[in-house]
Each structure stands twice: as C-alpha cells, then as structure tokens.
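Welcome! Please take a moment with the sequence and the 3D view below, and then read on for a short tour.

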Amino acid sequence: MTFHYSLSSALCLRNEHWPPRDTRKQLRYHARRSYHVLARSWRPQLFTDLIGQDPVVQTLRNALTADTLGHAYLFAGLRGVGKTTVARLIARAVNCEKGPTPEPCGVCPSCTEIAAGSSLDVVELDGASNRGIDDVRELRELLRYRPTRDRFRVIIIDEVHMLTREAFNALLKSLEEPPSYIMFIFATTERHRVPATILSRCQGLDFRPVPAGLITERLLLIAKNEGFSLTRGAAMLIARSAAGSVRDGLSLLDQLRAFADDNIDEEAVGSVLGVPRFEQVVELVAALVEGQAAQGLRVLREQLGSGHDATVLYQEIGRFLTVVLHAAVDANLESDLDETQTSVVRELGSTLGVTALTRMLGLWVEQEGLLRSASNRELALEVSCLRLARWPAVQLVEAILDDQDPGNEAGGPGEHSPRQQSSSGGVGGSRTKATDEELTALLWPSNPRLAGALESAVVVAQGDTLSVQLPASAAGLAQFLSRDDSQKTLREACRELRPEVQHIAVEVAGAESGSEVQPSLKVAALEDSGVQLAQRILGGDVVHVKPDRGSSKPGETTQ
Ligand SMILES: [Zn+2]
C-alpha cells in the first residue's frame, strides 16, 4: 500500500507539481500516517497549484514576466482563499535565484527559506497582533535596511486594516517614496476599513470565493494522495460548508478525518457539520412544495433536533431548489450529483415546472432577511418553510383566477398547473377533492378562517347542495360554518366554482363515518406552539394544513 501511495504521489508531482515538491516530507507522512494539518501541508507551492483565483494569478504572472510588478499590493477577499499564499509565492518569485520569474525553482535557499518562513528578507506580520508602539518602531527599522541576501525585502501584512494609526503613518512614508528594495503586500478581509491614503498607494487585487466544485475536486485529490477514503458526496458537503474558503474546507476535512477515522462519507459529514444529507433535504422540500406544511415541519424539526444548524438548513433548501430549477430549465445540464440524485432532481423539476420553481426560489431568497434578523433562527426557518408550503394554495388561486371557465373540468389546466398535480395525487382526481381544495384556495386570501374550517371538512357537491361534513373532532367548527356570514361567503364562492349550488348543508359526521373523514388537522396545527409563534410573527392565520403522512400526530410539537 505504501508503495502505491508513493507512486501515485510521485506521478502527481511530475504531472502537476502537486503536492509540495518535497518528497521526503511526503514519505514521512506515508510512514507515520498520523494526522497533520492539511491546510499547511497542502499549501500551494506554485501559482498553478492555486485554485479559483485565475484572474489574480494571471495578472501577477504577466507582471512578473514583463518585470512590471508594483511595489505595493493590497489583496482583498474572504479568509482562506489564498491571499497570504499568493503573497509568499510572489516573495519567492521575485527573490528566487533564477528569478524574478513566475515559476520560482523551489529548491534554492531563497525559495526554501521563504517556504519555511525563515527568510530574513521576507517578513510576515499580523495586523491584528502587531499594533503597539514597539511594533511600529520595529516596522520602521525593517523598512530602513536593504535586504540581507535577496533582491527584495518583502513585507507581508495580514489583516492590515487592524493596524493602528501610528503604524499606518509609519507605512505611509515608505509607500509615498518607496525604496527600490521594498515590496509591500497587504492582505485584508475588510477592504473598506483600510485608510484611503493606503488604498490609493497600492494596486488592489480582489480574491474571489472559490467555487464549491473546485474545492470538491481539491479535497478528493488530497484524499487520494493522502490515502484516506472520502466519498464525492461527502466532499461536496464539505466544500459547500467551506463557503468559498479553501482553508476552511481543509480544516473541516481535518476534523472529519479524526471523527470518522479516515472513512469519510455523507453520514459522517452530516453529523459533524450539521449539514443534512441529500435525501433529508429532498424529503423536506418535497413536503413543502406539495403544501404539506405539517409533514414539512415535522421533518424540519427532526433536522433541527439532530443538531443541524438553521442557517445551514436554509442554505441547503435554497441550493436544492436552485438545482431543481436548473434541471427544469435543462434536464441535461451537468451537475455534481450522482445518478440517483439526478433522477430525483429531474423528476421534481419536471413536475413543478420552471415558472413555479422560479417563484418558489424567489420566495425562498426573500426569507433570508427574516433569518438574519431573527433572534430565534430556528423559528424564522419554520416560518419560512410555512410560507413555502403555502405556495400550492397561492398557485391554485392563480390558476382559478386565470381559468376562463372554472366549471369546465374537461378544459385542461396549464402544463404545470397545480390542479393537475393535486388530481394526480388523489384517486383519479375525485370531484370531492377538487371542490374541497378549490373552495379553500379561493377563500384563503379573503377569509382564511373559513378556508381553514373547510380544510378540516369533507366537502361534496350533490345536486344543488354543497354538503360540508365535519368529523366529530372538529364539531366545534359547525357553529362557525353555519353562521349567516359564513354561509353567505360560501355561497358567493360557490357561485364562481359551482353555480348550481343553492344550499349549504353543514353536518357533523357520526363516530361510524368518522373514519372516512380527516381528523381536524387545523385544530391540531393551531395548538402547535411553533405554528402559534409563527402566527404571532406573521399576524396571519393557518389556512392550509395537510395530512401528515407517516405520523399520526400532525401538529406534533417539539416541547
Ligand atoms: Zn528558487
């Protein structure tokens, strides 16, 4: 096995100059097989090793080739995207015995000392911890003398925005009249906090968040070379969690190696990072887009209960909706999903359609503000999910409003009409179900309470009578439904949907027929603490509660 690993990394070295050229180091790793910090051992040693920063690298390589490198640079961007790595690469490029060159040799004293951090001419300071008067004095000393051996004294200051005013002033003089032998490279995650006097004297280069796809490939390459098992699905989850930071991705991989004993799969990632597995996200989103709020909330609470972070869940749902939308737009679009996942995504994409998905995603993106501002993010996520679950009802109303002849059932709805979905969900699209759902949807915007009451009933149109049958458990709603104003509203609604209806009969079903009638989901949902809180926040009303498949307690609470 050891031989195999060594061979593969040797091949890798020749072809890609990756990992670091120091093969002794590689052999030592293979011999010890102990955990080491991946972010350090896999720090790129050549410009070509760097991922996701092509524009920056191209600019710098061109400047090195043409010998037009500036004397001061400001690298701005997220943490862990390669700013200090590139700074060190530049230091090597300008100071290499064979340089200045875009491809430093990596073996001369300058190159090796800079890589090891022991070069006297390349100074790395951390803006956050070098803020005192003594540090400023030291900085001045550094600027005064010529480099001891190399061409340039390269001064790298990380998190430069943290420097004190005194330190900035000390720098300013050198920046205004730069000695030919000094080169500054400043890095910051907060460019807007760097004084304008410094900004105007530097060439700015923006580092971008590294795309998850590139991080995934890098993680897989590292796993292969280090000889531990990492599934593609797991690598993808880690890459997403890293949110554009390669260093974060590698740190996560370190943690996971320790946790999963070098066998890293999606399950392990899920439990360590609080990232849900693909199937879990599918289950949640499928319930929500079908309007099954209770089912969706149950799944959501399971996820939150198992330690998944609300923000992560929010992002994963949004990401999943995006992938489904992409599949709906172009079923052959390439993605990083496996075969099973791809077929799930395609099916959902074609069922929901591009229009519906675009709007759902829009609605979901709008929830970000709610999640950010909420003191209880889990509750905010529940509210967001409830809003998404309302979507089918909204769509139904729109379909009804758009329909020129709503009574004509033969006149087919649009390609992706929810009515088509609801009938495909029921047994042969029963009339009863359609009446029930259409009435509820029609009433929802103007009279949510009435719509909610109907939700607990079985509604059947028989001749000129609309029969509203309540189960015994929802008998309390009978009085409300029998009220004059409720009856009037119902008749008006029927005028649009079923003009033949003249009478509305409200009945409470006996115990014997109770089994055929849905229990009062509405009542259960209204008693739910999460729903109550959601109502308090939104000021709305619960209007659409669907049977909770797989659970006998639809309005189950977490407390
Ligand atoms: Zn060199």
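In helix α20, the buried residues are L379, A380, L381, E382, V383, S384, C385, L386, L388 and A389. Buried here means under 20% relative accessible area, exposed means over 50%, and partly exposed lies in between (1.4 Å probe, protein chains only). Because ten of its 13 residues are buried, α20 is largely enclosed by the rest of the structure. Helices (H or I, at least four residues) and strands (E, at least two) are DSSP runs, numbered from the N terminus.

Before going further, a word on the model: it is predicted, so local features need pLDDT of at least 70 and side-chain atom pairs count only at pLDDT 80 or more, while totals for chains, interfaces and linings use all residues. Residues are numbered from 1 along each chain as its sequence is written, and side-chain values use heavy atoms, with hydrogens and water left out.

A neighbour in contact with α20 residues is L370, which sits in helix α19 (residues 368-373). L370 touches A380, V383, S384 and R387, leaving aside residues up to four places away in sequence; contact means heavy atoms within 4.5 Å. L370 and A380 are ten residues apart along the chain, and their C-alpha atoms are separated by 6.2 Å. With 22% relative accessibility, L370 counts as partly exposed.

Another helix to look at is α10, where the buried residues include I215, L219, L220, L221, I222 and A223. After α10 comes G227, with a positive phi near 75°. The expected span of a helix is 1.5 Å times one less than its number of residues, and the table sets this beside the distance between the end C-alpha atoms.

| Helix | Residues | Expected span | End C-alpha distance |
|---|---|---|---|
| α10 | 212-226 (15 residues) | 21 Å | 21 Å |
| α20 | 377-389 (13 residues) | 18 Å | 18 Å |

For α10, the two values agree, and for α20 they agree as well.

Now to the metal. Which residues hold the zinc ion? The zinc ion is coordinated by the SG atoms of C96, C105, C108 and C111, at 2.3 Å. Donors are N, O and S atoms within 2.8 Å of the metal (3.2 Å for Na, K and Ca); water is not among the atoms, so sites may look incomplete. Along the chain, the zinc donors follow the spacing C-x8-C-x2-C-x2-C. The arrangement is tetrahedral because the four donor atoms subtend angles of 103 to 121° around the zinc ion; for four donors, that label requires all angles to lie between 85 and 135 degrees. C96 and C105 are both buried, with C105 at a relative accessible area of 13%. C111 is buried too, at 0% relative accessibility.

How many disulfides are there? The count comes to zero, where a disulfide is a pair of cysteine sulfur atoms within 2.5 Å.

Two loop residues are also worth a visit. E159, in the loop between β3 (153-158) and α8 (165-176), has a positive phi near 50° and is not a glycine. D261 has a positive phi of about 50°, although it is not a glycine. D261 lies in the loop between α12 (246-260) and β7 (263-264), and is exposed, with a relative accessible area of 58%.

Finally, the whole chain. The protein chain has 28 helices and ten strands, and buried residues make up 51% of its 559 residues. Among contacts with a separation of 6 or more, 70% are between residues 24 or more positions apart.

Methods
Four donors count as tetrahedral if all angles lie between 85 and 135 degrees; four count as square planar and six as octahedral if opposite donors are over 155 degrees apart and all others between 65 and 115; anything else is irregular.
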